[in-house]
Structure formats: structure tokens, C-alpha cells
Amino acid sequence: MFKRPPPLFNRCVACFASSVDGKITAPSNHTDPHAWVKLGTPADLERLFRLRDVADVLCFGASTFRAWASVRRGLTHQANPLANPPIHVLFTQSWAIDWHAPCFVEWQTHQQNWSPFFVASTNLPPADLPIEILSFLHPIHLDASHSPAQQLARVKDAVTPFLTPNTLSTWMLEGGGQLFDFFLQAQAVDELHLTLTPQLIGGYSTPSLVGGAGFTPSNWASVSWTSVEHHPPELFLVGDVVYPPNTN
Ligand SMILES: NC(=O)c1ccc[n+]([C@@H]2O[C@H](COP(=O)([O-])OP(=O)(O)OC[C@H]3O[C@@H](n4cnc5c(N)ncnc54)[C@H](OP(=O)(O)O)[C@@H]3O)[C@@H](O)[C@H]2O)c1
């Protein structure tokens with residue numbers, strides 16, 4: 001019997017840049033395993049910023065945050081750094097986060113006027129989390145026995161009271177590939193905005209667009225492209241994510 005779950009979010013977009021071989025970053029050298037580079041051109045970055053402008057909630061995995069530990073702003077916010085950025089939701093299991101990163105210094109300074117900063121995890125916050133960080137951080141405790149869809153529903157319930165009532169909100173997944181896998185398991189992403197960059201990067205452990213264990217053919221999601229634009233040397237693609245029937 002075909003059962004289509006109701007959409008988890010009103011609208012959830014994922015935004016990525018990926019090389020021809022599906023990598024979302026590249027090692028800048030072979031000696032430092034943490035030295036990753038950005039792939040896209042400034043035009044790709046502007047594309048990301050424009051999408052952030054229409055997002056109410058930004059979701060990102062801890063590795064993405066560790067690679068880029070700054071406040072995530074849209075194009076209009078770049079001009080006004082004091083303006084309230086979209087709600088941030090950081091996903092981590094380890095809580096191995098640099099709480100002195102520029103992002104938290106800024107958030108602490110503006111916490112009276114800014115939206116909350118959420119951290120979603122199946123683990124409780126560490127006891128030594130700095131008190132000044134706890135003053136504005138909103139932990140969301142996830143149940144590890146729950147499915148990805150149930151866990152994201154829990155995130156949505158925690159965040160919704162902070163969204164403007166009676167308006168349709170846009171959630172945005174900023175990466176990386178591991179968190180995209182989790183969102184795909186939950187069938188949560190509606191729209192993919194992908195910049196296809198021209199490189200062929202390779203590497204067994206270079207993060208790719210979708211991480212995790214991978215989906216078997218009957219569970220593959222696919223993308224139905226609605227827009228393809230050539231912005232040399234990149235392709236700007238937009239598509240609807242189409243999921244297989246949910247037979248659970
Ligand atoms: N090209 C692009 O568009 C793009 C976009 C985003 C990121 N990137 C790059 O991609 C790299 C990171 O990607 P990635 O795939 O390796 O990692 P990722 O998805 O950014 O982060 C993985 C980490 O997020 C946490 N996490 C993931 N799923 C979770 C869940 N369901 N619940 C709670 N926590 C969860 C865990 O954090 P802990 O380790 O703390 O437990 C996990 O190790 C970086 O180099 C970044 O710069 C590129």
C-alpha cells in the first residue's frame with residue numbers, strides 16, 4: 001500500500017556545491033587531515049547567501065561548523081552584521097565544538113536581539129559547557145531510538161515557537177553530506193539547489209554530497225531538475241527531491 005508521509009517542514013531546501021565526482025570539499029594538502037577547501041566560485045557563494053535570505057532556519061552538521069565556525073548570514077545581512085540572522089541549528093553527537101569560535105562570541109554579544117541558537121544531539125551537553133554559552137544556547141535532546149523523521153519532528157517542535165506565527169517557514173540544510181544523509185532518510189528535503197563545480201577530486205575519505213551507508217535502489221531518492229543554468233565554469237541546478245514510496 002503506497003503511503004506518502006506528510007511533509008515534515010513547510011519547505012526545506014538543501015544547498016550544496018559539488019564537484020563532478022560528487023565531492024563537497026577537497027583536502028588542501030596531504031599532511032593536515034583537517035585542511036579542507038571551498039569548491040565554488042564567488043557566484044556560487046552569492047547563490048548560498050541569497051538562499052539564506054529567504055531561510056528562517058539554517059541546519060548544519062558539526063563538521064561543517066568546525067570547517068566554517070562563523071555566523072551564517074544572508075546577502076542582505078552581509079551589509080548589516082547587527083541584524084538578526086536566521087535561527088541556527090547545529091547537529092552534533094560529540095559536542096566537540098570550539099565554544100570560543102567567532103560565531104559564539106558574536107551570538108553572546110547580541111543574544112538579547114538575536115534568535116536562539118539550537119544544538120540538536122542524542123547526547124546531553126557536556127558538564128563543562130561555558131556558562132556564557134549556556135545563557136543563549138538551546139539544546140534539543142534527541143532520542144537515539146527514534147527514526148530520523150521522528151528526530152527531525154522533535155527539532156521542528158522545539159524551533160517552531162520561535163518562528164513567526166501563521167507564516168510559512170523555510171528550513172535550509174547547509175550541509176554537510178552526513179547530515180544530508182540523515183535528512184534524506186527522514187524524507188525531509190523538498191528542493192535541492194546544487195552548484196556543479198568542474199573539478200574531479202577523488203579521495204576515499206573526501207566528504208561527498210550524501211554521506212552515510214548509502215541507499216539501496218528501492219530507497220533511492222532522485223532529483224527532478226526544474227532549472228539548469230550555465231554560469232561558467234559552473235552549472236547552477238535546482239530540482240525537486242522525489243522520494244520512493246514509503247512502505248513502512
Ligand atoms: N560544498 C558544499 O556545499 C559544502 C556544504 C557543507 C559542508 N561542506 C564541507 O563538507 C565537510 C563536512 O561534511 P561532512 O559530510 O563530513 O560532515 P557534516 O554533515 O557537516 O557533519 C557531520 C557531523 O555532524 C554531526 N551529525 C551528523 N548527523 C547528525 C545527527 N543525525 N544527529 C546529531 N549530529 C549529527 C556529527 O557531529 P560530531 O562529529 O560532533 O558528533 C557528525 O560527525 C566540511 O569540509 C565542509 O566545509 C561543503
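Which residues does Leu-237 touch, not counting residues up to four places away in sequence? In this predicted model, the contacts are Leu-194, Leu-196, Trp-225, Ser-227 and Val-228. Leu-237 itself sits in strand E11. Its bridge partner is Leu-194. The C-alpha atoms of Leu-237 and Thr-195 are separated by 6.0 Å, although the two residues lie 42 residues apart along the chain. Leu-237 has 18 C-beta neighbours inside 10 Å and therefore counts as partly exposed; a buried residue would need 20 or more.

The strand that holds Leu-237 belongs to an open sheet of 9 strands. The strand order is E7-E6-E5-E4-E8-E1-E9-E11-E10, and the pairing is mixed. Strand E7 (137-141) and strand E10 (222-231) form the edges, each pairing on one side only. On average, neighbouring strands are turned by 20° against each other, direction ignored.

Pairing along the sheet can be followed strand by strand. Strands of a sheet pair through backbone hydrogen bonds, either parallel or antiparallel. E5 and E6 pair in the parallel sense over 4 bridges. In this pair, His-88 has Phe-117 of E6 as its bridge partner. E4 and E5 are also parallel, with 5 bridges. Here Phe-60 is matched with Leu-90 of E5. E1 runs parallel to E9, and 6 bridges join the two strands. Cys-15 has His-193 of E9 as its bridge partner. The pairing of strand E9 (residues 191-196) with strand E11 (residues 234-242) is antiparallel and spans 6 bridges. One bridge in E11 links Asp-240 to Glu-191.

Strand E5 is largely enclosed by the rest of the structure, because 5 of its 5 residues are buried. Ile-87, Val-89 and Phe-91 point one way from E5. His-88 and Leu-90 point the other way. Residues on both sides of E5 are buried.

The largest nonpolar core has 51 residues. Those with the most contacts inside this core are Ala-14, Val-57, Cys-59, Val-89, Met-172, Leu-173 and Phe-183. E1 gives the core its largest share, 6 residues. Leaving aside neighbours within four places in sequence, Ala-14 is in contact with Leu-173, Phe-180, Phe-183, Val-189 and Leu-192. Helix H7 (residues 177-185) lies across four strands of the sheet: strand E1 (11-18), strand E4 (57-61), strand E5 (87-91) and strand E8 (170-173). The helix runs at about 115° to E4.

The ligand is surrounded by 28 residues. Gly-61, Ala-62, Ser-63, Gly-175 and Gly-176 come nearest. Elements that give two or more residues to this shell are E1, helix H2 (62-67), strand E6 (117-121) and H7. By class, the shell has 14 nonpolar, 13 polar and 1 charged residues.

Two of the residues nearest the ligand, Gly-175 and Gly-176, are joined by a cis peptide bond with omega of about 0°. Gly-176 is found in the loop between E8 and H7. A cis peptide bond also joins Pro-232 and Pro-233, with omega of about 10°. Pro-233 lies in the loop between E10 and E11.

Positive phi values occur at two loop residues other than glycine. Trp-95 has phi near 60°. This residue is placed in the loop between E5 and helix H4 (102-110). Trp-95 is partly exposed, because 17 other C-beta atoms lie within 10 Å. Asn-166 also has a positive phi, of about 60°. Its loop runs between helix H6 (148-159) and E8. With 5 C-beta neighbours inside 10 Å, Asn-166 counts as exposed; the limit for that class is 12 or fewer.

A further loop residue, Asn-219, lies between E9 and E10. Asn-219 has 13 C-beta neighbours inside 10 Å and so counts as partly exposed. Asn-219 and Pro-245 are 26 residues apart in sequence, while their C-alpha atoms are 8.3 Å apart in space.

How values were computed:
Residues are numbered from 1 along each chain as its sequence is written. This is a predicted model: local features need pLDDT of at least 70, side-chain atom pairs count only at pLDDT 80 or more; totals for chains, interfaces and linings use all residues. Two strands pair if DSSP finds at least two bridges between them. Axes are lines fitted to C-alpha atoms, for helices over the stretch in contact, and angles run from 0 to 180 degrees between N-to-C directions. Two residues are in contact if their C-beta atoms, placed from the backbone, lie within 7 Å. A residue is near a molecule or strand if its C-beta atom, placed from the backbone, lies within 6 Å of it. Ala, Val, Leu, Ile, Met, Phe, Trp, Tyr, Cys and Pro count as nonpolar, Asp, Glu, Lys and Arg as charged, and the others, Gly among them, as polar. A nonpolar core is a set of buried Ala, Val, Leu, Ile, Met, Phe, Trp, Tyr and Cys residues joined through C-beta atoms within 7 Å.
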